[in-house]
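Visitor: Hi, I'm new to this one. Can you walk me through it?
Guide: Sure. Here it is.

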Amino acid sequence: MTPLRPALTAVALILATAVATPAQAAADPAITIKDGRTQPVFSYADAIREYVYVEAPIDSDADGALDRVRVDIIRPKESGPGLKVPVIIDESPYYDNSGRGSEAERKVYDASGNPVKFPLFYDNFFVPRGYAVLNVDMIGTTRSDGCPDTGGKADVIGGKAVIDWLNGRAKATKADGTEVKADWTTGKAAMIGKSYDGTLANAVAATGVKGLETIVPISAISSWYQYQRSNGMIYSVNYASWLSNVVDTDPDAKCAAVRARLDAEDADETGDFTPFWEERAYDAAKVRASVFAVHTVNDLNVKPDTFSTWWDALAKRGVPRKVWVGQYQHVDPFDFEGRRDLWVDTLHRWFDFWLLGVRNGIMQEPRADVQLTPSQWITQRDWPAPFALPVPLRPSADGQLGLLPARHGTTATFTDTRLSETQMTADLGTAAPGRSAFTTGPLPLDLRLSGTPVVDLRVTLDKPTSNLTALLVDIGEDTRVDWRRGQGISLLTEEDCHGESTAADDSCYRKVVTNLATRPLEIVARGWIDVANRDSLAQGTPLPVGTAAQVRWKTLPQDYVFKKGHRMALVLAGTDATYTSAETATGAAVTVDLARSKITVPLVITEPLTTADVPQNRSQWIGPAEVDLPEPENTFF
């Protein structure tokens, strides 16, 4: 009987193995969908944390070697050839300087250089749900090679190389030089980020790279000219080189030549749109990815025109889109008061749909969420409001702003003087040498501005050019978002959590409250132009002294409700000392032909009209001059 014992033992082992294998397989988690959302079935604590260097096809620091892009990765432990996962990328130049988010989080590494803390909540929330999250150091920053290019080719090509590596089209190595493949991913990627991070998402999407399925640009740039210029007016001198130096924490000498080139090519001496800026204007026609954009209309850092023109171009291209439009300054939607949970859930559903094909109805919902007041948000089918009508408001010699043109031959004159916005809007009922102001009567009902006003002036100068500023102002005391203080929010001590945590990387962030201020007026829309650039951004042309010319330009876009009883004001002035860099004004005398001047404002009536709402003096009526007066009941714009 003894010879049978080894055989029986072998059989027993085989049977045990046969039983254990299915049990083990059943224990392995897989991406799980419930209620149209991926579920947190993967361990965050046990996730793989690693890094690679992706080779980019550029040598931006001219050291004779191709730049390597540092990519910090966190992914489910189970991911690999047997479980391929999609990727969420936040590429940033800020991981070792200003940090990310309202709490300025930076990356943290262990003694071996592996990442142990990933800023923001993306990793905490999405890794347990079956995603990989990649924090990518932009070329020239943190642990990547090269030099920052302030929106130029080097900035863009690094992020594209990462997408290419995820799809087997580029090379990556470990720290020891061993080549590594991304065999754990489906190749489907998203890019997300605020400010520069979101700008990189726009820029990489505009290369048309395959594998980038969606982007979520938050307060992001699409055109660096618009970011730093307005129709020939410069916001900040030598900005490109300054920013390049800020995000580069290497010794100054390393990238000094690149910064010198940025200064030499930025055309600060003219403010013109040159090839330097053309390289930094991203082409929506090449975008393959869907776009979930977020911007705030009071963002005077990344001003909202760089969003609105991108948004319009994407629409013409037929790109699938979604948008949130807020009232804050340069603020992430994670910090919009009362909407944090909704933001995380909406983002979750967006990524699930575009990266995993989950049918959750996200694309059947209204495209736009829009904030109208500190506490009121609405949804609508698009942005700007599709039902807004362009209403021409015309200044007159008596200081009124209405629908009827001024009498032929009437003018207003002011001198191009360097004034702050506070000075421009002080005592609007009195004359001032550096501005002309025009006001409506009290509004008979609420009017919502949704979109971009257009200023159209017939001007004559006594010098070859002048700087011009146009402000559209709401006169009336009200409590509004105080976006000037803390960008519109204050952090509380209480936290809430979104995702899983470790001792080194928690998912909890301080709650926020909206800052409010009660003021007698609000500057709603702003716009600037150098008259020399009236016909072309690429080439300024002096206006012959004494010769009249039509000067037409757009203000920054807005979404804002002028309340019943308030008044609208149009302020025309010269050089803006608040937002432009001009140290001196031209001193030109600006004469405006009032009969041939107007500002066209996209307006929505937010409630029905009755005959009682219609002013007897039609020049004070805020509505299209070309149409008949409204019918008594149920009349809407």
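Visitor: Let's start with Ser466. Is Ser466 buried or exposed, and why?
Guide: Ser466 counts as buried, because its relative accessibility is 0%. Keep in mind that this is a predicted model.

Visitor: Where is Ser466 found?
Guide: In a loop. Strand E23 (454-461) comes before that loop and strand E24 (467-481) comes after.

Visitor: What does the side chain of Ser466 make a polar contact with?
Guide: With the side chain of Asp416, at 3.3 Å.

Visitor: And which residues does Ser466 touch?
Guide: Leaving out residues up to four places away in sequence, Ser466 touches Asp416, Leu461, Ile529, Asp530, Val531, Thr586, Ala588 and Val590.

Visitor: Val590, okay. Which residue in E20 is the bridge partner of Val590?
Guide: Phe414. Val590 belongs to E31. Strand E31 (residues 589-593) pairs with E20 in the antiparallel sense, over five bridges.

Visitor: Which way do the side chains of E20 point?
Guide: They alternate along strand E20 (residues 411-415). Ala412 and Phe414 point to one face and are buried. Thr411, Thr413 and Thr415 point to the other face and are not buried. In a regular strand, side chains alternate between the two faces of the sheet.

Visitor: New topic: the open sheet. How many strands, and in what order?
Guide: The open sheet has 11 strands, with mixed pairing. The order is E9-E3-E4-E8-E5-E10-E11-E14-E15-E16-E17.

Visitor: Which strands stand at the edges?
Guide: Strand E9 (172-173) and strand E17 (376-380). Each has a single partner strand, so one side of each is left without a neighbour in the sheet.

Visitor: How do E3 and E9 pair?
Guide: Strand E3 (residues 48-55) pairs with E9 in the antiparallel sense, over two bridges. Val54 stands opposite Ala172 in E9.

Visitor: Now pockets. What volume does the largest pocket have?
Guide: About 700 Å³. The largest pocket is lined by 35 residues. Nearest its centre lie Ser308, Thr309, Thr452, Lys554 and Thr555.

Visitor: Which element gives the most to that lining?
Guide: H9, with four residues. Other elements give two or more residues to the lining of the largest pocket, including strand E22 (447-451) and strand E28 (549-554).

Visitor: What about the classes in that lining?
Guide: The lining of the largest pocket has 17 nonpolar, 12 polar and six charged residues.

Visitor: And the second largest pocket, what's its volume?
Guide: About 480 Å³. It has 30 lining residues, and Arg100, Gly101, Lys194, His330 and Gln487 are the closest to its centre. Among the elements that supply at least two of its lining residues are strand E10 (185-194) and helix H4 (196-205).

Visitor: How many cavities of 30 Å³ or more are there?
Guide: Three. The largest cavity holds about 140 Å³ of space.

Visitor: Which residues are closest to the centre of the largest cavity?
Guide: Gly101, Ser102, Leu120, Phe334 and Asp335, out of 15 that line it. Helix H10 (340-356) and strand E26 (508-514) each supply at least two lining residues.

Visitor: Last one: what classes make up the lining of the largest cavity?
Guide: Six nonpolar, two polar and seven charged residues.

Notes. Residues numbered from 1 in each chain as written. Predicted model: local features only at pLDDT ≥ 70, side-chain atom pairs only at ≥ 80, totals over all residues. Heavy atoms only, no water. Buried < 20%, exposed > 50% of the residue type's maximum accessible area, 1.4 Å probe, protein only. Polar contact = N/O pair within 3.5 Å; in protein donor to acceptor, adjacent residues only side chain to side chain. Contact = heavy atoms within 4.5 Å. 1 Å grid on protein atoms, 1.4 Å probe; cavity = no way out; pocket = protein on both sides within 12 Å on 5 of 7 lines; lining within 4 Å. Points joined across faces, edges and corners; volume = space filled by probe spheres on them. Nonpolar A, V, L, I, M, F, W, Y, C, P; charged D, E, K, R; others polar. Pairing = 2+ DSSP bridges.
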